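Trainee: Could you show me how to read a protein–DNA model, one feature at a time?
Mentor: Gladly; let's put it on screen and talk it through.

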Number of protein chains: 2
Amino acid sequence: MRQTVVVFSLLILALLLLFQFSKYSLISGDLQVEYIMAFVALVFLGIGIFINKKTQKQQSASSKTLDFKRIEELGLSKREYEVLKEVASGLSNQEIAKKLFVSESTIKTHVSNLLVKLNAKRRTQAIQISKDLNII
Amino acid sequence: MRQTVVVFSLLILALLLLFQFSKYSLISGDLQVEYIMAFVALVFLGIGIFINKKTQKQQSASSKTLDFKRIEELGLSKREYEVLKEVASGLSNQEIAKKLFVSESTIKTHVSNLLVKLNAKRRTQAIQISKDLNII
DNA sequence: AGCAATTTAGTACTTTAGTATGAGTCCTCT
DNA sequence: AGAGGACTCATACTAAAGTACTAAATTGCT
């Protein structure tokens, strides 16, 4: 909210500067009104899109981009992370094994390791934690 | 993507119309360049915000409000839904039982019924399905 | 080449999860 | 009053999930 006020103040300032710019151009006769107008329109169109993107990003930023840094911090290996995603999609160990062309034992090992690293007791809890940490 | 093209075409059209408008105004001498410029800037600022809001709404509209209608459609009872939420939060049957002051048997019954209604084979799959249906 | 981490896989076992079935209680609607 | 639905609980299973090891093959890196 505070930022919006600041942004709007800056916009009004920009508008005034553009007025000055257009005035001088008209006096000097180098630029036509049409071009100035087009420039102003496009710039403010862009500014409009920009502000809106910023304000909306703050609301949903945490649920959009994956936090790859956190995956490293947790010490999750590539394969473990892969298994985690399959677990989160609701597959059983057997199904994951088939999908990744390995044995069920292997998946169990991965899941077990991954639970320790995520500090979870069950796969359902691991899913919840992973979502909170924005890694899936 | 197609809509973006259409919107941009319309904007260019609007721009040209504004040019015409400004030209005639200048000729007639009724309006000052500054006011026209301010008008154009504000209009395009609004248009920018508007397009952005529309495009972003389509992406995140489905993931905001819970779909209570769907819960009814699925035939989920109040208690089953309650259990579903606890399951999704990563708790075990025993933990849910303690939290809701009932026996583990009861939770098992609820979970079993809830899996049938959600057409899921496992609780993890139920979580995934529920999130897709926007009921949790 | 050689060390360290990763990936794979197995056995053996314990713990949860899930199914099937039956049954009692409570509440609501007709 | 009685039928039906929701909630409760139990028993007896079966099926997954998860743990605790051990160990070999593979890969990345110095």
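We will take the two DNA strands in turn and then the nonpolar cores.

Mentor: This is a predicted model, in which local features need pLDDT of at least 70, side-chain atom pairs count only at pLDDT 80 or more, and totals for chains, interfaces and linings use all residues. Residues are numbered from 1 along each chain as its sequence is written, chains are lettered from A and ligands numbered from 1 in the order in which they are written, and side-chain values use heavy atoms, with hydrogens and water left out.

Trainee: Which residues come nearest to DNA strand D?

Mentor: A residue is near a strand if one of its heavy atoms lies within 4 Å of it. Here 18 residues surround DNA strand D, and K108(A), S112(A), R123(A), S77(B) and S103(B) come nearest. Of the strand D atoms that come within 4 Å of the protein, sugar and phosphate make up 71%.

Trainee: How do I read the polar contacts with the phosphates?

Mentor: Look for a pair of N or O atoms within 3.5 Å; within protein, one must be able to donate a hydrogen and the other to accept it, and residues adjacent in sequence count only if both atoms are side-chain atoms. For strand D, S77(B) places a polar side-chain atom 2.3 Å from a phosphate oxygen, and S112(A) does so at 2.7 Å. R123(A) uses a backbone N or O atom, at 2.7 Å from a phosphate oxygen.

Trainee: And which residues come nearest to DNA strand C?

Mentor: S77(A), S103(A), K108(B), S112(B) and R123(B), out of 18 around it. Sugar or phosphate supplies 67% of the strand C atoms within 4 Å of the protein, and bases the rest. Side-chain N or O atoms reach phosphate oxygens of strand C from S77(A) at 2.2 Å, from R79(A) at 2.8 Å and from T106(A) at 2.9 Å.

Trainee: What about the protein interior?

Mentor: In soluble globular proteins, nonpolar side chains tend to be buried together. A nonpolar core is a set of buried Ala, Val, Leu, Ile, Met, Phe, Trp, Tyr and Cys residues joined through side-chain atoms within 4.5 Å, where buried means under 20% relative accessible area (1.4 Å probe, protein chains only). The largest has 22 residues, and V83(A), L84(A), I107(A), L114(A), L118(A) and I135(A) have the most contacts inside it. A second, separate core of 20 residues includes Y81(B), V83(B), L84(B) and V111(B).

Methods
Buried < 20%, exposed > 50% of the residue type's maximum accessible area, 1.4 Å probe, protein only.
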